[in-house]
Amino acid sequence: MGASDQQLIQTVLVGIVTCFVGVIICIAIVRVKIRTRKMPQKENVPEEPRRYHIALKNRQNGDEYERDFEGEVIVGRSPEEANLIVYDDRSVSKSHFKITEHNGDFFIEDLHSSNHTWLNGRRVVEKQPVKTGDRITIGYYTYSITLKEEI
């Protein structure tokens, strides 16, 4: 085999390798285009707020106070300051305590009430978890609380 034959073989091999590299590059480009192709996007519709239901049952006289709410509910004796009115009793502050919801968990917080808020016999001094069946004392009365998500 002469030098010109070797040169011809070398030229053919370079051509084959160049074609092979070109095919690989084309495949890579197609894969990138497929991956980055814009998919139909969901509309940015805000998630509907979750609705919850609270019930406070007076353990002494059986009175029950209920309300649906989103995010938080303020319990007290004043319709101007609270959105769950338990009764008109001076031992209960106008806005006595607040129940808030976060990721399906509920929390109770005293709102600087005159006679404090008590959860299961302990004074509420900072925001803390509350659940169905807990006992909340405000003023002269103790309530059983029920909290659930509305469906």
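## A tour of two sheets, a helix and their salt bridges

Begin by selecting strands β6 and β9, which run antiparallel and are joined by three bridges. In this tour helices (H or I, at least four residues) and strands (E, at least two) are DSSP runs numbered from the N terminus, and two strands pair if DSSP finds at least two bridges between them. This is a predicted model, in which local features need pLDDT of at least 70 and side-chain atom pairs count only at pLDDT 80 or more, while totals for chains, interfaces and linings use all residues. Residues are numbered from 1 along each chain as its sequence is written, and side-chain values use heavy atoms, with hydrogens and water left out.

**First stop: V130 and the five-stranded sheet**

Within the pair just selected, pick F106, whose bridge partner in β9 is V130. V130 belongs to strand β9, residues 128-130, and is buried at a relative accessible area of 5%; here buried means under 20% relative accessible area, exposed means over 50%, and partly exposed lies in between, with a 1.4 Å probe and protein chains only. Now show what surrounds V130: apart from its neighbours within four places in sequence, V130 is in contact with I99, F106, F107, I108, L119, I136, I145 and L147, where contact means heavy atoms within 4.5 Å. For one of these, L147, the C-alpha atoms lie 8.9 Å apart in space, with the two positions 17 residues apart in sequence.

Widen the selection to the whole sheet, which is open, has five strands in the order β4-β3-β5-β6-β9 and shows mixed pairing. Its edge strands are β4 (84-85) and β9, each of which pairs on one side only. Strands of a sheet pair through backbone hydrogen bonds, in either a parallel or an antiparallel sense.

**Second stop: β5 and its two partners**

Select β5, residues 97-102, where five of the six residues are buried, so that the strand is largely enclosed by the rest of the structure. On one pairing, β5 and β6 (residues 105-110) are antiparallel over six bridges, and I99 has I108 in β6 as its bridge partner. The two strands form a hairpin with two residues between them, and N103 in the turn has a positive phi of about 55°.

On another pairing, β3 (residues 72-76) is joined to β5 by four bridges, again in the antiparallel sense, with E72 placed as the bridge partner of T100 in β5. Display the side chain of E72 as well, since E72 also forms a salt bridge with K98, the closest N and O atoms being 3.8 Å apart; a salt bridge is a side-chain nitrogen of Lys or Arg within 4 Å of a carboxyl oxygen of Asp or Glu. E72 lies in strand β3 and K98 in strand β5, so this pair ties together parts that are 26 residues apart in sequence. E72 is partly exposed at 35% relative accessible area, whereas K98, at 19%, counts as buried.

**Third stop: the six-stranded sheet**

Move to the other open sheet, whose six strands follow the order β2-β1-β11-β10-β7-β8 with antiparallel pairing. Here β2 (64-69) and β8 (122-123) are the edge strands, each pairing on one side only. Select β1 (residues 52-58) together with β11 (residues 141-149), which are antiparallel over seven bridges, and find L56, which stands opposite I145 in β11. I145 was also among the contacts of V130.

**Fourth stop: charged pairs**

Of the five salt bridges in the structure, take next the one between E149 and R50, with the closest N and O atoms 3.6 Å apart. E149 lies in strand β11 and R50 in the loop between α1 and β1, so the pair ties together parts that are 99 residues apart in sequence. E149 is partly exposed at 41%, and R50 is partly exposed at 41%.

Then select R51 and E70, which form a salt bridge with the closest N and O atoms 3.1 Å apart. This pair links distant parts of the chain, with R51 in the loop between α1 and β1, E70 in the loop between β2 and β3, and 19 residues separating them. Adding D68 to the selection completes a network of salt bridges that links R51, D68 and E70.

**Last stop: helix α1**

Finally, select I24 in helix α1, residues 3-36, which at 44% relative accessibility counts as partly exposed. With V17, F20, V21, I25 and I29, I24 makes a nonpolar surface patch of about 560 Å². Such patches are made of residues with over 30% relative accessible area and no salt bridge, like charges being joined within 9 Å and nonpolar side chains (Val, Leu, Ile, Met, Phe, Trp, Tyr) within 5 Å; accessible areas come from the Shrake-Rupley method with a 1.4 Å probe, and for residues only the protein chains shown count as cover.
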